[in-house]
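Grab a pencil and work through these exercises with the structure open beside you. Try each task before you read its solution.

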Amino acid sequence: MAYKINNTFGTLLVTLADGTIDVASTDLTLIGKGYAGFGEKLNENLVKLLENFNNTTAPANKIQGQLWYDKTNNQINVYTGSKWKPVGSTANSATAPTNAVLGDMWFDTTNTQLYVYTGSAWTLIGPTTVSGSGVTQVITESPEDNTGVKRSILKLVANDTVVGVVSNLAFTPSSTETLGAALVSAGFSSISQGIQLSTSVASAKFRGTATDSDALGGVAPANYLRSDSNDTSTGSLGILNDTGLTIGAGSDVTMSMSSDDFTIAQTTTNKDIIFTVNDGGTTKEALRIKGSTGRIEDLRVGNLTVDGTSTIINTSTLSVEDNIIELNRNISNNAGMPSYTGLKVNRGETSSVTEQNLYWVWDETFADDGSTTYGNAGGAWTAFKGADGDTELEAPTLVDIRANVVHATTTSAMYADLAERYEADCDTEVGDVVILGGKAEITKCNHDLSDAVFGVISDKPAYLMNAQAGNNDSHPMVALKGRVMVKLKGTGRAGDRLVSAGNGEARVADLEECTAFNTIGRLVKDKYNKETALTECVIGVK
(Lines give C-alpha, C1' and ligand atoms only; values in the text may rest on other atoms or scores of the structure.)
Protein backbone atom coordinates (compact mmCIF):
# COMPACT_ATOMS: atom_id res chain seq x y z
CA MET A 1 0.00 0.00 0.00
CA ALA A 2 1.45 3.40 -1.03
CA TYR A 3 2.51 6.05 1.56
CA LYS A 4 0.86 9.47 1.43
CA ILE A 5 3.40 12.11 2.68
CA ASN A 6 1.81 15.36 4.00
CA ASN A 7 3.48 18.58 5.32
CA THR A 8 2.70 20.22 8.71
CA PHE A 9 -0.42 21.86 7.33
CA GLY A 10 -1.76 18.53 6.02
CA THR A 11 -1.05 19.30 2.41
CA LEU A 12 -0.09 16.24 0.33
CA LEU A 13 3.50 16.44 -0.89
CA VAL A 14 3.83 13.08 -2.64
CA THR A 15 2.32 9.55 -2.85
CA LEU A 16 5.09 6.94 -2.57
CA ALA A 17 4.55 3.59 -4.17
CA ASP A 18 5.91 0.58 -2.33
CA GLY A 19 9.60 -0.12 -2.84
CA THR A 20 10.33 3.39 -4.27
CA ILE A 21 11.99 6.62 -3.11
CA ASP A 22 11.31 10.31 -3.91
CA VAL A 23 14.11 12.93 -4.19
CA ALA A 24 12.23 15.56 -6.24
CA SER A 25 9.56 16.74 -3.82
CA THR A 26 11.99 17.87 -1.07
CA ASP A 27 15.69 17.95 -0.42
CA LEU A 28 15.31 14.80 1.73
CA THR A 29 15.00 11.27 0.36
CA LEU A 30 11.41 10.11 1.03
CA ILE A 31 11.33 6.27 1.39
CA GLY A 32 8.42 4.06 0.26
CA LYS A 33 7.30 0.90 2.05
CA GLY A 34 9.59 -2.06 1.56
CA TYR A 35 12.39 -0.11 -0.11
CA ALA A 36 15.64 -2.10 0.02
CA GLY A 37 18.53 -0.15 1.66
CA PHE A 38 16.18 2.23 3.44
CA GLY A 39 18.65 2.48 6.38
CA GLU A 40 21.27 4.26 4.30
CA LYS A 41 18.76 6.83 2.99
CA LEU A 42 17.29 7.33 6.43
CA ASN A 43 20.70 8.01 7.97
CA GLU A 44 21.62 10.41 5.15
CA ASN A 45 18.39 12.31 5.82
CA LEU A 46 19.33 12.63 9.49
CA VAL A 47 22.80 13.94 8.58
CA LYS A 48 21.31 16.55 6.20
CA LEU A 49 18.96 17.72 8.94
CA LEU A 50 21.79 17.77 11.45
CA GLU A 51 24.00 19.98 9.24
CA ASN A 52 21.04 22.04 7.90
CA PHE A 53 21.84 21.11 4.28
CA ASN A 54 25.32 22.61 4.59
CA ASN A 55 26.41 23.65 1.08
CA THR A 56 27.80 26.55 -0.94
CA THR A 57 24.56 26.69 -2.95
CA ALA A 58 20.99 26.76 -1.71
CA PRO A 59 18.92 23.52 -1.74
CA ALA A 60 16.99 23.09 -5.01
CA ASN A 61 13.79 21.52 -3.63
CA LYS A 62 13.26 23.83 -0.66
CA ILE A 63 9.98 24.13 1.17
CA GLN A 64 8.71 26.91 3.46
CA GLY A 65 10.39 26.84 6.87
CA GLN A 66 13.42 24.83 5.67
CA LEU A 67 16.86 25.75 7.10
CA TRP A 68 20.04 25.99 5.01
CA TYR A 69 23.59 26.65 6.25
CA ASP A 70 25.37 28.88 3.71
CA LYS A 71 28.90 27.49 3.79
CA THR A 72 30.32 30.42 1.78
CA ASN A 73 29.19 33.12 4.24
CA ASN A 74 29.03 30.83 7.31
CA GLN A 75 25.42 31.88 7.91
CA ILE A 76 22.16 30.00 8.71
CA ASN A 77 19.16 30.90 6.47
CA VAL A 78 15.42 30.07 6.51
CA TYR A 79 13.20 29.77 3.43
CA THR A 80 10.18 32.09 3.71
CA GLY A 81 8.36 30.53 0.76
CA SER A 82 9.77 33.09 -1.63
CA LYS A 83 13.37 33.74 -0.55
CA TRP A 84 16.19 32.64 1.71
CA LYS A 85 16.48 34.99 4.69
CA PRO A 86 19.47 35.10 7.09
CA VAL A 87 18.58 34.02 10.61
CA GLY A 88 19.74 36.20 13.56
CA SER A 89 21.87 38.61 11.46
CA THR A 90 21.72 41.09 8.63
CA ALA A 91 21.71 40.32 4.97
CA ASN A 92 25.19 41.17 3.71
CA SER A 93 25.41 42.25 0.07
CA ALA A 94 26.53 45.05 -2.23
CA THR A 95 22.93 45.72 -3.37
CA ALA A 96 19.63 45.92 -1.50
CA PRO A 97 17.86 42.53 -1.06
CA THR A 98 14.56 41.99 -2.85
CA ASN A 99 11.39 40.50 -1.30
CA ALA A 100 12.22 42.20 2.03
CA VAL A 101 9.70 42.19 4.89
CA LEU A 102 9.11 44.65 7.73
CA GLY A 103 12.06 44.70 10.16
CA ASP A 104 14.60 43.08 7.81
CA MET A 105 18.13 44.45 8.11
CA TRP A 106 20.69 44.78 5.34
CA PHE A 107 24.41 45.59 5.67
CA ASP A 108 25.68 47.41 2.58
CA THR A 109 29.14 45.84 2.11
CA THR A 110 30.14 48.46 -0.47
CA ASN A 111 29.70 51.50 1.81
CA THR A 112 29.75 49.69 5.21
CA GLN A 113 26.30 51.07 6.15
CA LEU A 114 23.36 49.43 7.95
CA TYR A 115 19.73 49.68 6.71
CA VAL A 116 16.32 48.49 8.07
CA TYR A 117 13.25 47.72 5.93
CA THR A 118 10.16 49.73 6.95
CA GLY A 119 7.76 47.60 4.93
CA SER A 120 8.02 49.80 1.88
CA ALA A 121 11.64 51.05 1.69
CA TRP A 122 15.15 50.59 3.08
CA THR A 123 15.98 53.26 5.73
CA LEU A 124 19.60 54.09 6.58
CA ILE A 125 20.59 53.53 10.22
CA GLY A 126 24.24 54.60 10.00
CA PRO A 127 26.84 55.78 9.58
CA THR A 128 25.06 58.69 7.93
CA THR A 129 28.03 59.55 5.71
CA VAL A 130 30.53 57.42 3.84
CA SER A 131 34.31 57.89 4.10
CA GLY A 132 35.59 59.62 0.97
CA SER A 133 32.28 61.30 0.21
CA GLY A 134 32.54 64.16 2.73
CA VAL A 135 32.07 62.83 6.29
CA THR A 136 31.11 65.65 8.67
CA GLN A 137 30.35 64.52 12.21
CA VAL A 138 31.60 64.16 15.79
CA ILE A 139 33.02 60.68 16.37
CA THR A 140 33.65 59.01 19.73
CA GLU A 141 36.94 57.07 19.74
CA SER A 142 39.25 55.33 22.24
CA PRO A 143 42.81 55.49 20.83
CA GLU A 144 45.75 54.14 22.82
CA ASP A 145 48.41 56.43 24.24
CA ASN A 146 52.13 55.66 24.01
CA THR A 147 51.90 53.54 27.18
CA GLY A 148 49.14 51.32 25.78
CA VAL A 149 46.28 52.86 27.83
CA LYS A 150 43.04 53.61 25.94
CA ARG A 151 41.91 57.26 26.13
CA SER A 152 38.40 58.53 25.32
CA ILE A 153 38.15 61.47 22.92
CA LEU A 154 35.72 63.24 20.61
CA LYS A 155 37.08 63.56 17.06
CA LEU A 156 35.74 66.52 15.05
CA VAL A 157 35.52 65.60 11.35
CA ALA A 158 34.56 68.00 8.56
CA ASN A 159 34.43 66.83 4.92
CA ASP A 160 36.55 63.71 5.70
CA THR A 161 39.24 65.82 7.47
CA VAL A 162 39.95 65.62 11.20
CA VAL A 163 40.06 69.28 12.26
CA GLY A 164 39.94 68.95 16.04
CA VAL A 165 40.01 66.72 19.10
CA VAL A 166 38.31 67.14 22.49
CA SER A 167 40.00 65.39 25.44
CA ASN A 168 39.68 65.62 29.22
CA LEU A 169 43.40 64.99 29.67
CA ALA A 170 46.71 65.37 27.85
CA PHE A 171 48.49 62.34 26.37
CA THR A 172 50.75 61.22 23.52
CA PRO A 173 48.96 58.99 20.98
CA SER A 174 50.53 55.61 20.13
CA SER A 175 52.31 55.61 16.78
CA THR A 176 51.67 51.88 16.27
CA GLU A 177 48.06 51.30 17.39
CA THR A 178 45.57 51.97 14.55
CA LEU A 179 43.51 54.80 16.07
CA GLY A 180 46.53 56.43 17.71
CA ALA A 181 48.58 56.30 14.50
CA ALA A 182 45.64 57.85 12.61
CA LEU A 183 45.63 60.76 15.07
CA VAL A 184 49.37 61.31 14.60
CA SER A 185 49.02 61.33 10.81
CA ALA A 186 46.10 63.77 11.13
CA GLY A 187 48.32 66.33 12.86
CA PHE A 188 48.06 65.36 16.54
CA SER A 189 51.50 64.16 17.66
CA SER A 190 50.34 65.02 21.19
CA ILE A 191 46.87 65.57 22.61
CA SER A 192 46.30 68.57 24.88
CA GLN A 193 43.65 68.89 27.56
CA GLY A 194 40.50 70.59 26.24
CA ILE A 195 39.84 71.48 22.58
CA GLN A 196 42.79 71.16 20.18
CA LEU A 197 42.96 71.92 16.44
CA SER A 198 45.00 69.91 13.94
CA THR A 199 48.43 71.17 12.87
CA SER A 200 47.85 69.53 9.46
CA VAL A 201 44.92 71.79 8.57
CA ALA A 202 46.14 75.04 7.05
CA SER A 203 45.10 78.18 8.98
CA ALA A 204 43.14 76.13 11.55
CA LYS A 205 42.33 78.43 14.46
CA PHE A 206 39.49 79.62 16.67
CA ARG A 207 37.85 82.62 15.03
CA GLY A 208 35.60 85.26 16.50
CA THR A 209 35.74 87.98 19.13
CA ALA A 210 36.97 87.05 22.60
CA THR A 211 35.69 89.11 25.52
CA ASP A 212 38.42 87.78 27.80
CA SER A 213 41.44 85.47 27.73
CA ASP A 214 43.72 83.81 30.28
CA ALA A 215 46.69 84.10 27.92
CA LEU A 216 47.66 85.03 24.38
CA GLY A 217 50.49 82.96 22.98
CA GLY A 218 51.09 81.66 26.51
CA VAL A 219 51.53 85.23 27.87
CA ALA A 220 49.08 86.92 30.24
CA PRO A 221 47.09 89.73 28.54
CA ALA A 222 48.33 92.23 31.15
CA ASN A 223 51.86 91.80 29.76
CA TYR A 224 50.95 93.25 26.34
CA LEU A 225 51.44 96.95 25.60
CA ARG A 226 48.33 99.01 24.83
CA SER A 227 48.31 101.06 21.63
CA ASP A 228 45.26 103.14 22.61
CA SER A 229 46.38 104.42 26.04
CA ASN A 230 49.43 105.18 28.16
CA ASP A 231 51.36 102.05 29.10
CA THR A 232 54.74 100.91 30.44
CA SER A 233 57.05 97.97 29.86
CA THR A 234 59.46 96.22 32.23
CA GLY A 235 61.26 94.57 29.30
CA SER A 236 63.32 96.02 26.48
CA LEU A 237 61.54 97.44 23.43
CA GLY A 238 63.05 96.77 20.01
CA ILE A 239 62.17 98.31 16.64
CA LEU A 240 63.72 95.95 14.11
CA ASN A 241 63.42 98.02 10.94
CA ASP A 242 65.22 101.01 9.42
CA THR A 243 62.18 103.31 9.44
CA GLY A 244 62.49 103.49 13.22
CA LEU A 245 60.37 105.54 15.63
CA THR A 246 58.28 108.71 15.15
CA ILE A 247 57.09 111.12 17.86
CA GLY A 248 54.39 113.76 17.60
CA ALA A 249 51.07 114.04 15.83
CA GLY A 250 52.80 115.20 12.66
CA SER A 251 55.76 112.80 13.02
CA ASP A 252 57.79 115.81 14.12
CA VAL A 253 60.75 113.80 15.48
CA THR A 254 62.07 110.60 13.91
CA MET A 255 64.66 108.05 14.95
CA SER A 256 65.89 105.87 12.10
CA MET A 257 68.73 103.67 10.84
CA SER A 258 70.54 103.83 7.50
CA SER A 259 73.58 101.63 6.77
CA ASP A 260 73.76 101.05 10.55
CA ASP A 261 73.91 104.82 11.11
CA PHE A 262 71.46 106.11 13.72
CA THR A 263 69.74 109.44 12.99
CA ILE A 264 67.59 111.58 15.28
CA ALA A 265 65.81 114.20 13.19
CA GLN A 266 63.51 117.17 13.92
CA THR A 267 61.37 117.26 10.78
CA THR A 268 59.37 120.39 11.56
CA THR A 269 60.86 123.52 9.94
CA ASN A 270 63.06 125.71 12.23
CA LYS A 271 62.17 123.79 15.38
CA ASP A 272 64.83 122.95 17.96
CA ILE A 273 66.01 119.77 19.66
CA ILE A 274 66.31 120.51 23.37
CA PHE A 275 67.97 118.46 26.10
CA THR A 276 66.95 119.28 29.67
CA VAL A 277 67.87 118.01 33.13
CA ASN A 278 66.22 118.08 36.54
CA ASP A 279 68.42 120.19 38.77
CA GLY A 280 67.15 119.87 42.36
CA GLY A 281 63.56 119.77 41.21
CA THR A 282 64.06 122.49 38.63
CA THR A 283 64.13 121.66 34.94
CA LYS A 284 67.17 123.20 33.32
CA GLU A 285 68.18 123.28 29.69
CA ALA A 286 71.53 121.52 29.19
CA LEU A 287 71.77 121.54 25.39
CA ARG A 288 69.83 123.10 22.52
CA ILE A 289 70.33 122.38 18.84
CA LYS A 290 68.77 125.23 16.91
CA GLY A 291 66.63 124.26 13.96
CA SER A 292 67.03 127.65 12.32
CA THR A 293 70.86 127.48 12.35
CA GLY A 294 71.60 123.78 12.45
CA ARG A 295 74.13 124.07 15.28
CA ILE A 296 74.40 123.93 19.05
CA GLU A 297 73.40 127.27 20.50
CA ASP A 298 73.41 126.56 24.21
CA LEU A 299 75.73 124.07 25.89
CA ARG A 300 75.81 124.05 29.64
CA VAL A 301 79.20 122.66 30.73
CA GLY A 302 80.33 124.87 33.61
CA ASN A 303 84.08 125.75 33.56
CA LEU A 304 85.92 124.32 30.57
CA THR A 305 89.56 125.00 29.68
CA VAL A 306 91.11 123.66 26.49
CA ASP A 307 94.82 124.33 26.15
CA GLY A 308 96.46 122.94 23.04
CA THR A 309 96.33 119.17 23.06
CA SER A 310 95.32 118.95 26.75
CA THR A 311 91.93 119.41 28.36
CA ILE A 312 92.03 120.55 31.97
CA ILE A 313 88.93 120.28 34.15
CA ASN A 314 89.48 122.55 37.10
CA THR A 315 86.86 121.45 39.61
CA SER A 316 87.01 119.90 43.03
CA THR A 317 84.71 117.09 41.93
CA LEU A 318 84.38 115.80 38.39
CA SER A 319 80.95 114.41 37.49
CA VAL A 320 80.74 112.72 34.13
CA GLU A 321 77.26 111.87 32.88
CA ASP A 322 78.61 109.90 29.93
CA ASN A 323 78.95 106.18 30.55
CA ILE A 324 82.21 105.80 28.59
CA ILE A 325 85.45 107.75 28.88
CA GLU A 326 87.60 106.97 25.87
CA LEU A 327 91.39 106.92 26.14
CA ASN A 328 93.93 106.55 23.35
CA ARG A 329 91.48 107.87 20.78
CA ASN A 330 94.37 108.48 18.41
CA ILE A 331 95.42 104.79 18.41
CA SER A 332 94.46 103.15 15.10
CA ASN A 333 95.83 99.63 15.75
CA ASN A 334 97.21 97.57 18.62
CA ALA A 335 100.75 97.93 17.29
CA GLY A 336 100.68 101.57 18.39
CA MET A 337 99.10 100.79 21.77
CA PRO A 338 101.13 102.23 24.69
CA SER A 339 102.16 99.91 27.52
CA TYR A 340 99.94 101.65 30.10
CA THR A 341 96.60 103.44 29.67
CA GLY A 342 94.48 104.60 32.60
CA LEU A 343 94.43 106.84 35.67
CA LYS A 344 97.27 108.35 37.67
CA VAL A 345 96.93 109.56 41.26
CA ASN A 346 99.47 112.31 41.90
CA ARG A 347 100.56 112.15 45.55
CA GLY A 348 102.27 115.51 45.47
CA GLU A 349 104.91 117.03 43.21
CA THR A 350 107.26 117.62 46.20
CA SER A 351 106.60 114.31 47.96
CA SER A 352 109.50 112.17 49.09
CA VAL A 353 110.58 109.26 46.95
CA THR A 354 108.68 106.86 49.22
CA GLU A 355 105.39 108.54 48.41
CA GLN A 356 105.19 107.26 44.88
CA ASN A 357 102.39 108.06 42.48
CA LEU A 358 99.69 105.42 42.07
CA TYR A 359 98.17 104.03 38.83
CA TRP A 360 95.06 102.15 37.76
CA VAL A 361 95.82 101.26 34.17
CA TRP A 362 95.38 98.80 31.34
CA ASP A 363 98.78 97.05 31.26
CA GLU A 364 99.40 96.03 27.65
CA THR A 365 102.65 94.32 28.66
CA PHE A 366 100.92 91.66 30.75
CA ALA A 367 101.20 88.26 29.02
CA ASP A 368 98.42 85.78 29.81
CA ASP A 369 99.61 82.25 30.51
CA GLY A 370 96.80 80.87 28.34
CA SER A 371 94.78 79.42 31.23
CA THR A 372 91.88 81.82 30.83
CA THR A 373 89.17 81.59 28.22
CA TYR A 374 89.06 85.28 27.38
CA GLY A 375 91.74 87.99 27.26
CA ASN A 376 94.62 85.66 26.36
CA ALA A 377 95.66 88.04 23.59
CA GLY A 378 97.54 89.87 26.37
CA GLY A 379 96.91 92.75 28.74
CA ALA A 380 95.14 93.18 32.08
CA TRP A 381 93.77 95.91 34.33
CA THR A 382 96.48 96.58 36.93
CA ALA A 383 96.98 98.69 40.08
CA PHE A 384 100.59 99.63 40.90
CA LYS A 385 102.89 102.33 42.22
CA GLY A 386 105.63 103.93 40.19
CA ALA A 387 109.33 103.33 40.73
CA ASP A 388 111.69 105.97 42.11
CA GLY A 389 112.95 108.74 39.90
CA ASP A 390 111.74 110.00 36.60
CA THR A 391 111.16 106.56 35.10
CA GLU A 392 108.32 105.52 37.37
CA LEU A 393 106.52 103.48 34.66
CA GLU A 394 109.55 101.36 33.83
CA ALA A 395 109.59 99.24 37.00
CA PRO A 396 106.05 99.31 38.54
CA THR A 397 105.24 97.53 41.81
CA LEU A 398 101.78 95.99 42.27
CA VAL A 399 99.59 97.39 45.04
CA ASP A 400 96.44 96.12 46.73
CA ILE A 401 92.87 96.71 45.69
CA ARG A 402 90.67 96.73 48.80
CA ALA A 403 86.88 96.53 48.99
CA ASN A 404 84.15 95.23 51.23
CA VAL A 405 82.32 93.21 48.62
CA VAL A 406 83.39 92.81 44.99
CA HIS A 407 80.44 92.56 42.63
CA ALA A 408 81.11 91.06 39.22
CA THR A 409 79.22 89.33 36.45
CA THR A 410 80.55 86.28 34.65
CA THR A 411 79.94 86.37 30.92
CA SER A 412 79.68 82.63 30.57
CA ALA A 413 80.23 79.27 32.23
CA MET A 414 81.34 76.05 30.55
CA TYR A 415 78.82 74.01 32.53
CA ALA A 416 75.31 74.70 33.72
CA ASP A 417 74.59 73.63 37.31
CA LEU A 418 75.13 74.86 40.86
CA ALA A 419 76.51 72.12 43.11
CA GLU A 420 77.87 71.50 46.63
CA ARG A 421 79.88 68.65 48.13
CA TYR A 422 78.10 66.41 50.67
CA GLU A 423 79.35 63.32 52.49
CA ALA A 424 77.76 60.14 51.09
CA ASP A 425 77.14 56.85 52.90
CA CYS A 426 77.30 54.77 49.70
CA ASP A 427 78.92 54.69 46.28
CA THR A 428 77.33 57.13 43.88
CA GLU A 429 77.45 57.74 40.16
CA VAL A 430 76.80 60.72 37.94
CA GLY A 431 73.03 61.16 37.51
CA ASP A 432 72.04 59.43 40.80
CA VAL A 433 69.06 60.99 42.60
CA VAL A 434 69.94 61.50 46.30
CA ILE A 435 68.24 62.51 49.53
CA LEU A 436 69.52 63.97 52.79
CA GLY A 437 70.06 61.31 55.44
CA GLY A 438 71.41 57.80 55.76
CA LYS A 439 74.55 57.19 57.77
CA ALA A 440 76.16 60.40 56.49
CA GLU A 441 74.86 63.61 54.93
CA ILE A 442 73.33 62.09 51.78
CA THR A 443 72.29 58.69 50.49
CA LYS A 444 70.87 57.31 47.25
CA CYS A 445 67.07 57.71 46.87
CA ASN A 446 65.54 54.22 46.78
CA HIS A 447 61.84 55.12 46.84
CA ASP A 448 59.35 55.96 44.12
CA LEU A 449 57.72 59.41 44.38
CA SER A 450 59.88 60.33 47.35
CA ASP A 451 59.09 63.67 49.03
CA ALA A 452 62.69 63.78 50.31
CA VAL A 453 64.45 64.25 46.95
CA PHE A 454 67.35 66.66 47.41
CA GLY A 455 69.55 66.75 44.31
CA VAL A 456 71.42 64.86 41.57
CA ILE A 457 75.06 63.76 41.47
CA SER A 458 76.88 66.14 39.11
CA ASP A 459 79.95 65.55 36.97
CA LYS A 460 81.14 69.05 36.07
CA PRO A 461 79.24 71.83 37.84
CA ALA A 462 79.42 75.41 36.67
CA TYR A 463 79.89 76.52 40.28
CA LEU A 464 80.92 74.24 43.16
CA MET A 465 80.39 75.24 46.78
CA ASN A 466 82.16 73.61 49.74
CA ALA A 467 84.74 72.48 47.20
CA GLN A 468 87.41 71.50 49.75
CA ALA A 469 85.14 69.22 51.82
CA GLY A 470 86.47 66.03 50.24
CA ASN A 471 86.78 64.17 46.94
CA ASN A 472 84.22 62.71 44.57
CA ASP A 473 84.31 59.33 46.33
CA SER A 474 83.63 60.53 49.87
CA HIS A 475 81.90 63.84 49.14
CA PRO A 476 80.32 63.72 45.67
CA MET A 477 79.15 66.93 44.02
CA VAL A 478 75.36 67.30 44.39
CA ALA A 479 73.68 69.53 41.78
CA LEU A 480 71.02 71.66 43.46
CA LYS A 481 69.91 73.73 40.47
CA GLY A 482 70.49 74.03 36.74
CA ARG A 483 71.16 71.63 33.86
CA VAL A 484 72.55 68.25 34.78
CA MET A 485 72.54 64.69 33.43
CA VAL A 486 70.02 62.52 35.33
CA LYS A 487 69.54 58.73 35.33
CA LEU A 488 66.10 58.71 33.69
CA LYS A 489 63.96 55.59 33.46
CA GLY A 490 61.45 55.31 30.60
CA THR A 491 60.44 57.80 27.94
CA GLY A 492 59.43 61.43 28.20
CA ARG A 493 58.78 64.67 26.38
CA ALA A 494 60.57 67.99 26.74
CA GLY A 495 59.07 69.87 29.70
CA ASP A 496 57.80 66.73 31.52
CA ARG A 497 58.21 66.85 35.31
CA LEU A 498 60.47 64.32 36.99
CA VAL A 499 60.11 62.40 40.26
CA SER A 500 62.18 59.69 41.91
CA ALA A 501 61.79 56.11 40.63
CA GLY A 502 63.93 54.32 43.23
CA ASN A 503 67.47 52.89 42.90
CA GLY A 504 68.80 56.43 42.44
CA GLU A 505 66.80 56.88 39.22
CA ALA A 506 64.15 59.34 38.09
CA ARG A 507 61.09 58.97 35.89
CA VAL A 508 58.51 61.15 34.17
CA ALA A 509 55.51 61.83 36.39
CA ASP A 510 51.86 62.40 35.59
CA LEU A 511 50.67 65.85 36.64
CA GLU A 512 48.42 64.42 39.34
CA GLU A 513 51.46 62.74 40.93
CA CYS A 514 53.51 65.93 41.18
CA THR A 515 53.84 67.99 44.35
CA ALA A 516 56.13 70.79 45.44
CA PHE A 517 58.05 68.20 47.50
CA ASN A 518 58.58 65.26 45.12
CA THR A 519 59.29 67.15 41.86
CA ILE A 520 62.99 67.00 40.95
CA GLY A 521 62.88 69.09 37.78
CA ARG A 522 61.99 68.81 34.11
CA LEU A 523 63.20 67.17 30.91
CA VAL A 524 65.10 69.46 28.52
CA LYS A 525 64.67 67.26 25.41
CA ASP A 526 62.47 64.34 24.34
CA LYS A 527 63.59 60.86 25.41
CA TYR A 528 62.35 57.99 23.26
CA ASN A 529 64.09 54.87 24.59
CA LYS A 530 62.61 53.13 27.64
CA GLU A 531 65.96 51.98 29.06
CA THR A 532 67.46 53.96 31.93
CA ALA A 533 69.98 56.44 30.52
CA LEU A 534 71.72 59.68 31.45
CA THR A 535 69.43 62.41 30.12
CA GLU A 536 69.81 66.18 30.18
CA CYS A 537 67.36 67.75 32.62
CA VAL A 538 66.99 71.02 34.48
CA ILE A 539 66.57 70.55 38.24
CA GLY A 540 65.36 72.90 40.93
CA VAL A 541 62.24 73.87 38.94
CA LYS A 542 58.72 72.59 39.42
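A salt bridge is counted when a side-chain nitrogen of Lys or Arg sits within 4 Å of a carboxyl oxygen of Asp or Glu. Keep in mind that you're looking at a predicted model.

**Exercise 1. Find the salt-bridge partner of Arg 288, and then the network around the pair.**

Step 1: Look at the side chain of Glu 285, which meets that of Arg 288 at 2.7 Å, N to O. The cut-off is 4 Å, so the pair counts as a salt bridge.

Step 2: Check how open Glu 285 is to its surroundings. Its relative accessible area is 28%, so we call Glu 285 partly exposed.

Step 3: Now widen the view. Asp 272 and Lys 290 join Glu 285 and Arg 288 in a network of salt bridges. Over the whole structure, a search turns up 16 salt bridges.

**Exercise 2. Compare the settings of Asp 228 and Asp 432: buried or exposed?**

Step 1: Asp 228 pairs with Arg 226, and their closest N and O atoms are 2.6 Å apart. With a relative accessible area of 57%, Asp 228 is exposed.

Step 2: Asp 432 has Lys 444 as its salt-bridge partner, with 3.9 Å between the closest N and O atoms. Lys 444 belongs to strand S30 (residues 442–444), while Asp 432 is in the loop between S28 and S29, so this pair ties together parts that are 12 residues apart in sequence.

Step 3: Read off the accessibility. Asp 432 comes out at 0%, so this one is buried.

**Exercise 3. Work out which side chains of strand S5 are buried.**

Step 1: Start with the general pattern. In a regular strand, side chains take turns between the two faces of the sheet.

Step 2: Apply it to S5 (residues 67–70). Trp 68 and Asp 70 point to one face and are buried, whereas Leu 67 and Tyr 69 point to the other face and aren't.

Step 3: Find the neighbouring strand. S5 runs antiparallel to S6 (residues 75–79), joined by 4 bridges, and Tyr 69 has Ile 76 as its bridge partner.

Step 4: Follow the chain round the hairpin. There are 4 residues between the two strands, and Asn 74 has a positive phi near 50 degrees.

**Exercise 4. Trace the hairpin of S17 and S18.**

Step 1: Line up S17 (residues 253–258) with S18 (residues 261–266); they pair antiparallel over 6 bridges. One pair to look for is Met 255 with Ile 264.

Step 2: Look at the turn. Here 2 residues separate the strands, and Ser 259 has a positive phi of about 55 degrees.

**Exercise 5. Which strands supply the largest nonpolar core?**

Step 1: Locate the core, which has 16 residues; Val 433, Val 456, Val 486, Leu 498, Ile 520 and Ile 539 have the most contacts inside it.

Step 2: Name the strands. S29, S31, S33, S35 and S37 each supply at least two residues, and S33 gives the most, with 4.

Step 3: Zoom in on Ile 520. Beyond its neighbours within four places in sequence, its contacts include Val 433, Val 456, Leu 498 and Ile 539.

Step 4: Look for another core. There's a second, separate one of 10 residues, with Ile 153, Leu 183, Ala 186 and Ile 191 among them.

Definitions and conventions. Residues numbered from 1 in each chain as written. Predicted model: local features only at pLDDT ≥ 70, side-chain atom pairs only at ≥ 80, totals over all residues. Heavy atoms only, no water. Core = buried A, V, L, I, M, F, W, Y, C linked by side-chain atoms within 4.5 Å. Buried < 20%, exposed > 50% of the residue type's maximum accessible area, 1.4 Å probe, protein only. Contact = heavy atoms within 4.5 Å. Pairing = 2+ DSSP bridges.
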